[in-house]
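Work through the exercises below with the model open. Try each task before reading its solution.

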Amino acid sequence: MALKDIQIPKADVTVGSGGSFAVRGLSTADIEHLVRQHGDELRKLFTDFMNSQKNPAAELSESGLKGMLADLAMKVPNVIYTTLDLAAEPADDEERAILRKLPIPIQADALFKTISLTLNTEGDLGKGLETVVMALGGVNGLLVKLQQDKLS
């Protein structure tokens, strides 16, 4: 099978009665884009997340994650918008404007599905999330050290 024959997995997000749009998981290039645009906000969110949980990956259920994502939509709307813009791949500015206007529960559902597709490891979201949390912990520590070295 050639790369051009591969279908990127997507999930439908329902909006109202009969409306929907599709999201895909994020790639490493997408995550790099998010970090470049929103690095400071993401580092703070990660630190707050790690400090608020004993075992962050193990304690997140689907409803817990959706609640956390709804909270994030109010705290860091630009991070959420950029993530949805990457995952939904809107065709034009009109579709981007619609993404910005989606109600928070729909944004949270779209984000949950995006995260699920991004982190899903053979049906085990928790395993994928745990791997990413450990990796981000190392990256976050390195970024803090680099920033401290830069200031001194």
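**Exercise 1. Place Glu89 in the chain, then describe its backbone and its exposure.**

Step 1. Glu89 sits in the loop between helix 3 (77–88) and helix 4 (93–101). Helices (H or I, at least four residues) and strands (E, at least two) are DSSP runs, numbered from the N terminus. This is a predicted model: local features need pLDDT of at least 70, side-chain atom pairs count only at pLDDT 80 or more, and totals for chains, interfaces and linings use all residues. Residues are numbered from 1 along each chain as its sequence is written, and side-chain values use heavy atoms, with hydrogens and water left out.

Step 2. Check the backbone. Glu89 is not a glycine, yet its phi is positive, about 50°.

Step 3. Check the exposure. Glu89 has a relative accessible area of 42%, so it is partly exposed. The classes are buried under 20% relative accessible area, exposed over 50%, and partly exposed in between (1.4 Å probe, protein chains only).

**Exercise 2. Find the salt-bridge partner of Glu89, and say which parts the pair ties together.**

Step 1. Apply the criterion: a side-chain nitrogen of Lys or Arg within 4 Å of a carboxyl oxygen of Asp or Glu. Lys10 forms a salt bridge with Glu89, with the closest N and O atoms 3.7 Å apart.

Step 2. Locate both ends. Lys10 lies in strand 1 and Glu89 in the loop between helix 3 and helix 4, so the pair ties together parts 79 residues apart in sequence.

Step 3. Widen the view. Lys10, Arg24, Asp30 and Glu89 are linked in a network of salt bridges. Within it, Arg24 pairs with Asp30, the closest N and O atoms being 2.7 Å apart. Arg24 counts as buried at 12% relative accessibility. Asp30 is buried too, at 8%.

Step 4. Count over the whole structure. The search finds seven salt bridges.

**Exercise 3. Compare the expected span of helix 5 with its end-to-end distance, then examine its salt bridge.**

Step 1. The expected span is 1.5 Å times one less than the number of residues. Helix 5 (residues 104–119) has 16 residues, so it should span 22 Å. Its end C-alpha atoms are 22 Å apart, which agrees.

Step 2. Lys113 and Asp109 meet in a salt bridge (3.3 Å, N to O). Both lie in helix 5, four residues apart, about one turn of the helix. An α-helix has 3.6 residues a turn, so residues three or four places apart point the same way.

Step 3. Compare exposure. Lys113 is partly exposed at 22%, whereas Asp109 is buried at 16%. Other buried residues of helix 5 include Ile106, Leu111, Phe112 and Leu119.

**Exercise 4. Describe the nonpolar surface patch that includes Ile8.**

Step 1. Patch members have over 30% relative accessible area and no salt bridge; like charges are joined within 9 Å, nonpolar side chains (Val, Leu, Ile, Met, Phe, Trp, Tyr) within 5 Å.

Step 2. Met1, Leu3, Ile6 and Ile8 form the patch, with about 530 Å² of accessible area together. Areas come from the Shrake-Rupley method with a 1.4 Å probe; for residues, only the protein chains shown count as cover.

Step 3. Ile8 is found in the segment before strand 1 (10–15). Ile8 is exposed, at 54%.

**Exercise 5. Set out the overall fold.**

Step 1. The protein chain has six helices and two strands. Along the sequence they follow the pattern β-β-α-α-α-α-α-α.

Step 2. Of its 152 residues, 32% count as buried.
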